[in-house]
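Subject: Structure handover

Hello,

Here is the structure for you to take over. My notes follow below it.

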Amino acid sequence: MRLVLTSDTHVPARARELPGELLRRIERADVAIHAGDWVDTATLDLLEARARRLVAVYGNNDGPALRDRLPEVARAELGGLRFGVVHETGPAQGRERRCAERFPDLDVLVFGHSHVPWDSTAEGGLRLLNPGSPTDRRRQPYCTYMTAVAARGQLTEVGLHRLPPRRP
């Protein structure tokens, strides 16, 4: 099962549209995961139309229209793994412990908010992934998203993809 992970798209606040590369990957994936901070419903509509399956949550910058359509926490079994998606996980220090305590029933937790790519494993085995942002790199050198393969209870081919700089 091919996965595309994204978060913090912030359209149209940080970009007018999503990068074409990301949209093409979403169209080819089995599942797209979005960890919140959409900002507009048009981007949600776009991903719902393009993705074969969308697992998504709202973030702290998402208003009532998005909160009416999306949960704060989403869960899905994908490729024999128990996935969770949430926007905020708190500060980097202590993140693995906090998330393992909050989500003891998950194998993989996808999160956003910081715009900082993250890939770590908590002591109990919970894998934590943050794909960064495809539109707002903040203090990072690149805008990013992630891909992975979930099959037979294994998460493999986890990759962080750098997007080229946007044209002004």
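Start with helix α4, residues 95-102. Arg97 and Glu101 sit 4 residues apart there, so about one helical turn separates them. Their side chains form a salt bridge, 3.5 Å from N to O. Glu101 counts as exposed, at 56% relative accessibility. Keep in mind throughout that this is a predicted model.

**Other salt bridges**

The whole structure holds 10 salt bridges. Two more pairs deserve a look, and both involve helix α2.

Glu27 pairs with Arg50 at 3.1 Å, N to O. Glu27 belongs to helix α1 (residues 20-28) and Arg50 to helix α2 (residues 41-50), so this bridge ties together parts 23 residues apart in sequence. Both ends are partly exposed: Glu27 has a relative accessible area of 36%, and Arg50 is at 34%.

Arg69 and Glu48 make the other pair, with their closest N and O atoms 2.7 Å apart. Arg69 is in helix α3 (residues 64-69) and Glu48 is in helix α2, so parts 21 residues apart in sequence are tied together. Arg69 is partly exposed at 37% relative accessibility. Glu48 is partly exposed too, at 42%.

There is also a network. Salt bridges link Arg2, Asp30 and Arg52.

**Cores**

The largest nonpolar core has 20 residues. Which of them touch the most other members? They are Leu3, Ile33, Phe83, Val85, Val110 and Leu155. Six strands each supply at least two residues of this core: β1 (2-6), β2 (31-34), β4 (73-78), β5 (81-86), β6 (108-110) and β9 (143-151).

Leu3 is a good residue to centre the view on. Setting aside residues up to four places away in sequence, Leu3 touches Ala29, Val31, Leu78, Phe83, Met146, Thr147, Ala148, Ala150 and Leu155. A second core is separate and has 19 residues, among them Val11, Ala32, Leu44 and Tyr58.

**Strand β9**

Is β9 enclosed or open to the outside? Of its 9 residues, 8 are buried, so the rest of the structure largely encloses it.

β9 pairs on two counts. It runs antiparallel to β1, with 4 bridges between them. Arg2, already named in the salt-bridge network, has Val149 of β9 as its bridge partner. β9 also pairs with strand β10 (residues 154-163), again antiparallel, over 8 bridges. On that side Val149 stands opposite Thr156. Val149 therefore has a partner on β1 and one on β10. The hairpin of β9 and β10 has 2 residues between the strands, and Arg152 takes a positive phi there, near 50°.

Thr147 lies in β9. Its relative accessible area is 12%, which is under the 20% limit, so Thr147 counts as buried. A polar contact of 2.6 Å joins its side chain to that of His161. Beyond its neighbours within four places in sequence, Thr147 is in contact with Leu3, Val4, Arg25, Glu157, Val158, Gly159 and His161.

**The loop between β1 and α1**

Please check the backbone here. Most residues other than glycine have a negative phi, and most peptide bonds are trans. This loop departs from that pattern in three places, listed below.

- Asp8 is in the loop between β1 and α1. Its phi is positive, near 50°. Asp8 is buried, with a relative accessible area of 0%.
- His10 is in this loop as well. It has a positive phi of about 50° and is not a glycine. His10 is buried, at 5% relative accessible area.
- Pro12 also falls in the loop between β1 and α1. The peptide bond leading into it from Val11 is cis, with omega near 5°. Val11 is a member of the second core.

**Annotation**

What does the UniProt record place at residues 1-147? An unreviewed entry gives "domain: Calcineurin-like phosphoesterase" for that span. In the model, the C-alpha atoms at the ends of residues 1-147 are 11 Å apart. The span is 22% helix and 27% strand. Its final residue number, 147, is that of the buried threonine in β9 described above.

Over to you.

Best wishes

Terms used
Residues numbered from 1 in each chain as written. Predicted model: local features only at pLDDT ≥ 70, side-chain atom pairs only at ≥ 80, totals over all residues. Heavy atoms only, no water. UniProt positions renumbered as here; feature names shortened; annotations may be inferred. Core = buried A, V, L, I, M, F, W, Y, C linked by side-chain atoms within 4.5 Å. Buried < 20%, exposed > 50% of the residue type's maximum accessible area, 1.4 Å probe, protein only. Contact = heavy atoms within 4.5 Å. Salt bridge = Lys/Arg side-chain N within 4 Å of Asp/Glu carboxyl O. Polar contact = N/O pair within 3.5 Å; in protein donor to acceptor, adjacent residues only side chain to side chain. Pairing = 2+ DSSP bridges.
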